[in-house]
Amino acid sequence: MGQSKLVILGTGGTIAGRADSQSQGVGYKAGQITVQSLLEAVPDLEQQARGPVQTQQIAQVDSKDMGWPVWRALLQACARALEDSETRAVVITHGTDTLEETAWLLHSLLPPIKPVVLTCAMRPATALLADGPQNLRDAVTVAASGARSGVWVVAGGEVHAAEQVQKVHPYRLQAMRSFEGGPQALVEEGRVRWLVPDAPFTRPALPVPKPSDLLSLDELPWVEVVFSGALARASGVDALVAAGVRGIVVAGTGNATVHEDMEAALLRAHDKGVWVWRGTRCAEGLPVAGGSALNPVDADLAQLPVAKARIAMMLALAAQPRG
């Protein structure tokens, strides 16, 4: 058996972005630089990895355009790496825009047998003060440090759990945040300091398909998010139902409440077999049961931001018997 290795998978994103000048922080093109080139910007990467590093380019996409083919290829690559006895951990470079959704997908589906660490950047690789190299170094440090198995997000010197992390700012370096609980650990001068050292690995008790069934799909079931608020109308929901949507996640006001006009449309959608889940627009706190004629707030769903609840519904729908 060879020396244990870290596997680093590249998907593109700002961390691999290129701009016309070093001073350009917006308007760059994401996903232009290979993951192998990203490693070259971190001179002591193998030292931090405590062993050899193996890279694979999965995709070169702006994560706002993330699609099922990339997710499927990423899931397959992660599964192969985790099954390899010579692999200690997996690191994934990713764009920030949909990082929380990819992290949730991997958290929901991958066996928690080794660490899987996602990292990102808010400035392109060509920026004068690019944050990607430090984030990549920190992610490798976390992956090589004996981190708990499961899916983690490392950015801005912080380690976030996949089920909690969200992008909260469009351009600041500290763009990733875990509401309520805060980061799980900090990366300080090449060392990891766990703030929540003994938290068990948990998943909401939501159905997911068998990996073989999921990977055989050409696409995931169609699910959309609608927001309830002042002047909310039924017509948007009705149009989605007419177009064939399979599920709707509604981001409700306050305690997951829904405008009466939209609620009537969602109830009609439910009666036609469309799945309807509701959550809250509030960034902090969890809704409690009551306040709507729609399905009760499920504790396993209430903890999810609507972007992740949407992915959870896609997986739950994909787990339904085909017929």
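Okay, let me start with a cysteine. C282 is partly exposed, because its relative accessible area comes out at 40%, and the band for that label sits between under 20% for buried and over 50% for exposed. Before I go on, please keep in mind that this is a predicted model.

Now the other cysteine I want to show you, C78. Is C78 buried or exposed? It's buried, with a relative accessible area of 0%. And how many disulfides do we get? The count is zero. For C78, the nearest cysteine sulfur belongs to C120, and that one is 16 Å away. A pair has to be within 2.5 Å to be called a disulfide, so C78 and C120 don't make one.

C78 also turns up in the contacts of I92, so let's go there. Setting aside neighbours within four places in sequence, I92 is in contact with L9, T11, L74, C78, L106, V116, V117, L118 and T119. I92 is also one of the residues with the most contacts inside the largest nonpolar core, along with L9, L106 and L214. That core has 51 residues. Which element gives the largest share of it? That's helix α10, residues 306-318, with ten residues. Apart from this core there's another one, of 29 residues, and among them are A16, L136, V140 and V187. As background for the bench, nonpolar side chains tend to be buried together in soluble globular proteins.

Next, helix α4, residues 99-109. How many of its eleven residues are buried? Eleven of eleven, so if you're looking at α4, you're looking at a mostly covered helix. And the list isn't just greasy residues: the buried ones include E100, E101, T102, H107 and S108, as well as W104 and L105. L106, which we met in the big core, is on the α4 list too.

Let me stay with H107 for a second, since it lies in α4. Its relative accessible area is 3%, so H107 counts as buried. What does H107 touch, leaving aside neighbours within four places in sequence? V151, A162, E163, F201, T202 and R203.

Moving along the chain to strand β4, residues 115-119, where we find P115. P115 is buried, at 7% relative accessible area. Not counting residues up to four places away, P115 touches R88, A89 and V90 on one stretch of sequence, and A143, A147, R148, S149 and G150 on another. There's a distance to go with that: P115 and G146 are 31 residues apart in sequence, and their C-alphas are 8.0 Å apart in space.

Now a buried loop residue. S228 is in the loop between β11 and α7, and at 2% relative accessibility it counts as buried. Its contacts, again leaving out neighbours within four places, are V250, A251, G252, T253, T257, V258, H259, M262 and R281. V250 from that list is in strand β12, residues 247-252, and V250 is buried too, with a relative accessible area of 0%. From V250 to L317 is 67 residues in sequence and 16 Å in space, C-alpha to C-alpha.

That same β11 to α7 loop also holds L231. Is L231 buried or exposed? Exposed, with a relative accessible area of 76%. Its phi is near 65 degrees, a positive value in a residue other than glycine. E189 is another case: phi is near 50 degrees, positive, and again not a glycine. E189 sits in the loop between β9 and β10, and E189 is exposed, with a relative accessible area of 82%.

Last stop, the largest pocket. Its volume is about 430 Å³. Of the 21 residues that line it, the closest to its centre are Q166, A283, Q303, L304 and P305. Which elements give two or more residues to that lining? β13, residues 275-280, and α10. So α10 is worth finding on your screen, because besides the pocket lining it gives the largest share of the big core. By class, the pocket lining has ten nonpolar, seven polar and four charged residues.

That's what I had, thanks.

How values were computed. Residues numbered from 1 in each chain as written. Predicted model: local features only at pLDDT ≥ 70, side-chain atom pairs only at ≥ 80, totals over all residues. Heavy atoms only, no water. Buried < 20%, exposed > 50% of the residue type's maximum accessible area, 1.4 Å probe, protein only. Core = buried A, V, L, I, M, F, W, Y, C linked by side-chain atoms within 4.5 Å. Helix = DSSP H or I, 4+ residues; strand = E, 2+ residues; numbered from the N terminus. Contact = heavy atoms within 4.5 Å. 1 Å grid on protein atoms, 1.4 Å probe; cavity = no way out; pocket = protein on both sides within 12 Å on 5 of 7 lines; lining within 4 Å. Points joined across faces, edges and corners; volume = space filled by probe spheres on them. Nonpolar A, V, L, I, M, F, W, Y, C, P; charged D, E, K, R; others polar.
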